[in-house]
Protein chains: 2
Amino acid sequence: MTYCVGLMLNRGLVFISDTRTNSGVDNISTFRKMFTWEVPGDRSITLMTAGNLATTQSVVSLLEERSKEPAARQPGILEAKSMFQVATFVGNTLKEVIATHAEAGQRADAAFNATIILGGQVAGGEPRLFLIYPEGNFIEASFDTPYFQIGETKYGRPILVRAYNPEMTFEEAIKLLLVSFDSTIKANLSVSLPLDVHVYERDSLRTGQLFRIQQNDPYFEEISNGWGIALRDAFGQLPDFSFPDDAE
Amino acid sequence: MTYCVGLMLNRGLVFISDTRTNSGVDNISTFRKMFTWEVPGDRSITLMTAGNLATTQSVVSLLEERSKEPAARQPGILEAKSMFQVATFVGNTLKEVIATHAEAGQRADAAFNATIILGGQVAGGEPRLFLIYPEGNFIEASFDTPYFQIGETKYGRPILVRAYNPEMTFEEAIKLLLVSFDSTIKANLSVSLPLDVHVYERDSLRTGQLFRIQQNDPYFEEISNGWGIALRDAFGQLPDFSFPDDAE
């Protein structure tokens, strides 16, 4: 499994992905699931993947190769004129890879599927955030739905729903996402540190802060322990229940 | 979908179930998913169901009918000598109902499946809590895993993991479960009030407090609103993140 979140703020975009892959519970590895491209002054693109690792690695390799083919039929992600065109290109590549693998024989439902979060900014446009489906189509984040999650999304969702605010600083947004990751990691063995983080600052048109939060990162441990205590305190502050008939 | 939780405390058992059933999102109804039986002074049994409604209603009807057949081959749930025997009986009934429906033609995976939480106490034994699978086998709660969830379990799990304590009062346990239900209801349309609650007091050997929390229940609304505020406060108390290179 996987857990990745892309978050749209007024001041830019924040992306965090985990790095655990598993095939069953006894075949666990660490693979990068976040990929970034930039043309300084022109664009910054971030992509995060969930699903079949062979599929997502093929997609990323094809995107890389095609961005270096000047004679390609359609512009690659480094030449496309807008984030919408980038999303279309990524979606088509994803659909193509899944179709190719599926043709090869296995017809298991969803076996080769993958889902992608894509975000960034191309000069002349706004920062945009997309969720791309295995069928190659996609939806875009808006102020009503300002974040996308892929992979194991449920455990970490309640805190996002409650605490997200588009005015947040990048530091607050990272704190929020680490709480969401901590809830997920505590509940699901197949999501794990290290975490990759990319913070894209609006209109910077280059890769922003890009770093990895390792196992035993002191800040992550502080958040993880602190959140347990803070939750119990918050719980303690809620009014007590009393039985309907006051008799127990 | 459904959300039900059974919780084992030192002082007894607490059960809460929602009442929403749906077939698609445009066919929503309210059905009871919690069923209780008692023989005062001898036993109290509570059962909560998730899954195919035709299956779970058949199971409950069969349990009812068989508890009135003195000549039955095996003792019904009102005669079985221990909670283990009750669980075996319920598991066999569940397996039988699923097999009967599946034989009738449709072979869709899991189409007729259901899962059951069973808890209670029979005179001479301890209070016990079981999770019964569609195959008829079951597992029992222990102090390591003191609660079972069925249905849409993920959204409401983080708070249980963090705030459960076997020493809790019944009032605290209900508060905890309502927070867990609130997180689930906020995230998933297919789980909804009213909620059925049963509180079984250890060694009482009769049905305990049994009541329904209705739509617009003032305490539930207080918990729901208060929890949003408390979560944001808790989040604000966590230490702030700072970027690794202290430059942003």
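Tutor: Let's start with the vocabulary: helices (H or I, at least four residues) and strands (E, at least two) are DSSP runs, numbered from the N terminus. In those terms, A:Pro194 sits in the loop between helix 4 (170-187) and strand 11 (195-201) of chain A. This is a predicted model, in which local features need pLDDT of at least 70, side-chain atom pairs count only at pLDDT 80 or more, and totals for chains, interfaces and linings use all residues. Residues are numbered from 1 along each chain as its sequence is written, chains are lettered from A and ligands numbered from 1 in the order in which they are written, and side-chain values use heavy atoms, with hydrogens and water left out.

Student: What is the peptide bond from A:Leu193 to A:Pro194 like, cis or trans?

Tutor: That bond is cis, with omega near -5°. In chain B, B:Leu193 and B:Pro194 are also joined by a cis peptide bond, with omega about -5°. B:Pro194 lies in the loop between helix 4 and strand 11 of chain B.

Student: What makes the phi of A:Asp203 worth a look?

Tutor: A:Asp203 is not a glycine, and yet its phi is positive, about 65°. You will find A:Asp203 in the loop between strand 11 and strand 12 (209-213) of chain A. B:Leu205, another residue other than glycine, has a positive phi near 55°. B:Leu205 is placed in the loop between strand 11 and strand 12 of chain B.

Student: Now the two chains: how many residues of chain B are in contact with chain A?

Tutor: Taking contact to mean heavy atoms within 4.5 Å, 45 residues of chain B touch 45 residues of chain A.

Student: What is the area buried between chain B and chain A?

Tutor: Buried area is the accessible area (1.4 Å probe) that two parts lose on being put together, summed over both. Here it comes to about 4600 Å², with carbon and sulfur atoms giving 68%. On the chain B side, B:Arg162, B:Phe235 and B:Phe241 lose the most area to chain A, together 20% of what that side buries.

Student: Why are A:Lys175 and B:Asp240 said to meet in a salt bridge?

Tutor: A salt bridge needs a side-chain nitrogen of Lys or Arg within 4 Å of a carboxyl oxygen of Asp or Glu. For A:Lys175 and B:Asp240 the distance is 3.3 Å, N to O, so the pair fits the rule. The two chains have 6 salt bridges between them.

Student: Which elements give two or more residues to the side of chain B that touches chain A?

Tutor: They are helix 3 (157-163), helix 4 (170-187), strand 11 (195-201), strand 12 (209-213) and helix 5 (218-237) of chain B. Helix 5 of chain B gives the largest share, 13 residues. By class, this side has 24 nonpolar, 6 polar and 15 charged residues; Ala, Val, Leu, Ile, Met, Phe, Trp, Tyr, Cys and Pro count as nonpolar, Asp, Glu, Lys and Arg as charged, and the others, Gly among them, as polar.

Student: What makes strand 2 and strand 11 of chain B a pair?

Tutor: Two strands pair if DSSP finds at least two bridges between them. Strand 2 (residues 12-17) and strand 11 of chain B run antiparallel and are joined by 6 bridges, so they qualify. One partnership is B:Leu13 with B:Tyr200 in strand 11 of chain B.

Student: Which sheet do 5 strands of chain B form?

Tutor: They form an open, antiparallel sheet in the order 10-1-2-11-12. Strand 10 (147-151) and strand 12 of chain B are at the edges because each has a single partner strand, leaving one side of each without a neighbour in the sheet.

Student: And which strands stand at the edges of the 5-6-7-8-9 sheet of chain A?

Tutor: This sheet is open too, with antiparallel pairing. Strand 5 (34-39) and strand 9 (138-140) of chain A are its edge strands, each pairing on one side only. Strand 5 and strand 6 (residues 43-51) of chain A pair over 6 antiparallel bridges, and A:Val39 has A:Arg43 in strand 6 as its bridge partner.
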